[in-house]
Amino acid sequence: MGCDGRVLGLLRCNLQPTLTYWSVFFSFGLCIGFLGPTLLDLRCQTHSSLPQISWVFFSQQLCLLLGSALGGVFKRTLAQSLWALFTSSLAISLVFAVIPLCRDVKVLALVMALAGLAMGCIDTVANMQLVRIYQKDSAVFLQVLHFFVGFGALLSPLIADPFLSEADCSPANGTANTTSGSHLFHAHRVLGQHHPDVLPQTNQTHPGLPPQDGAGTRVSSAFWIMALINLPVPVAVLLLLSKERLLTCCIQRSPLLLSADELALETQPPQREDPSSLPAKLQPDPGHENLFSCCQRKNCRGAPYSFFAIHITAALVLFMTDGMTGMYSAFVYSYAVEKPLSVGHKVAGYLPSLFWGFITLGRLFSIPISSRVKPATMVLINVVGVVGTFLVLLIFSYNVIFLFVGTASLGLFLSSTFPSMLAYTEDILQYKGCATTVLVTGAAIGEMVLQLLVGSIFQAQGSYSFLVCGVIFGCLAFAFYILLLFFHRMHPGLSSVPTQDKPFGMENSECYQR
């Protein structure tokens, strides 16, 4: 009860910044969820083939990775962080507004690359700021943060669904072998695949088929609605900038120095400022920098090997778990419609929505659970649950009911893995090092690489390989987590408090030296 009171007290003291960071992650979720269900409509709008439009998805994922890696550049002061979040959230609204105007697939890919950079920046900066504010109590607030990702990813396909076209608009010269390759591309209809009639069919292609402008017009309304829904987010960041007196107009109204002080400052020779003498909002954060600065920091030279091993193994766990999230949401539809299940297109379309719905539900449940269960315990339960779920799906691979139950179970187990792992790793390193940047970057790489890898294997080996890959990736995540627990025990940050009465790797957070 005392722990809950402390957490509520911290929330009251930091209510506005916390709500702002949560709302920014809602923008992140909107961008994750909309591309899948609208992709074929965007193909009609840009008059492109399936292989061409696939670069739109790739450009977003690649730039999300770059944005995650470079996000730490804007983390040196609170002012830089908030201006980066304002710019990124405003850019997402602009992207939604501009997408209906993109009539060329290359232009659309560039626009989505901009969205990816904004998403990557949001991912790194918002996570870092919450960890910086709450530190040892950050697990609960990170769970809420990632709940808003799932909520946004669930909401965007629901907004788009009424505006999706049911007409076929296969381009004249780009439909050869489309049917054979279309199953791979069903993967990108991540959510809300409720319109099987839009699937391209080679036997319906006619040379000179005019573009379906009506379809483009209908789906344009969905993007403009999402742009309007997202607009309050940059406004919220702007209000936080105003509250922290970081707007130019606010800075001008701040109390001026006395003339004598001003004269003394002008006549004194320039000297290095002591960062500790600066206000908190202007102090650089010594612990969390961008990925490249982390690798070059001089104080890492004397760090023990376990310091680097913890960064690497934690990033590898999230490489696997976030990669499995992207892989499963992308390919579960394709797996369901293939033999031996041969589920109908409309029924199979509910699987990605079910998956993301239970991810959102799991993150909601994790909010109260994380205040009572240690992050290390939650990660262990999640990883074991993922492996067990994939094994059950593999054993009962001919049963449609088990596919739906397993999809829901997988969403629950994967839902809280990232925030729990982030809180656990930062706690091990005592909020020094570069855990947030490294983990966010590792997760982004995994989401991009595993989707490409599974897509190639799926096409070459058939649908059964989808579940085999899931079991392998789950076992690798478990193995990397065991290594992380081992390096945690070896890390010199632990105090001499005996822990033999506690489960391996589940030590109390108060055992760390401060």
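# Reading rings and a helix

Q: What is the relative accessible area of F486, and how is it classed?
A: F486 has a relative accessible area of 41% and is therefore partly exposed (buried means under 20%, exposed over 50%, partly exposed in between; 1.4 Å probe, protein chains only). This is a predicted model: local features need pLDDT of at least 70, side-chain atom pairs count only at pLDDT 80 or more, and totals for chains, interfaces and linings use all residues. Residues are numbered from 1 along each chain as its sequence is written, and side-chain values use heavy atoms, without hydrogens or water.

Q: How many aromatic pairs are there?
A: A pair of aromatic rings is described by the distance of the centres and the angle of the planes. The structure has 18 aromatic pairs (rings of Phe, Tyr and Trp, its six-membered ring, with centres within 6.5 Å; planes under 30 degrees apart are stacked, over 60 edge-to-face, the rest tilted). F25 and F28 are stacked, because their ring centres lie 5.4 Å apart with the planes at 15°. Both sit in helix α2 (residues 15–46; helices are DSSP runs of H or I, at least four residues, numbered from the N terminus), three residues apart. F25 is buried at 0%, and F28 is buried at 7%.

Q: What kind of pair do F486 and F487 form?
A: F486 and F487 are edge-to-face, 5.4 Å centre to centre with 65° between the planes. F487 is buried, at 15%.

Q: How many residues of α13 are buried?
A: In α13, 29 of its 33 residues are buried.

Terms used. Helices (H or I, at least four residues) and strands (E, at least two) are DSSP runs, numbered from the N terminus.
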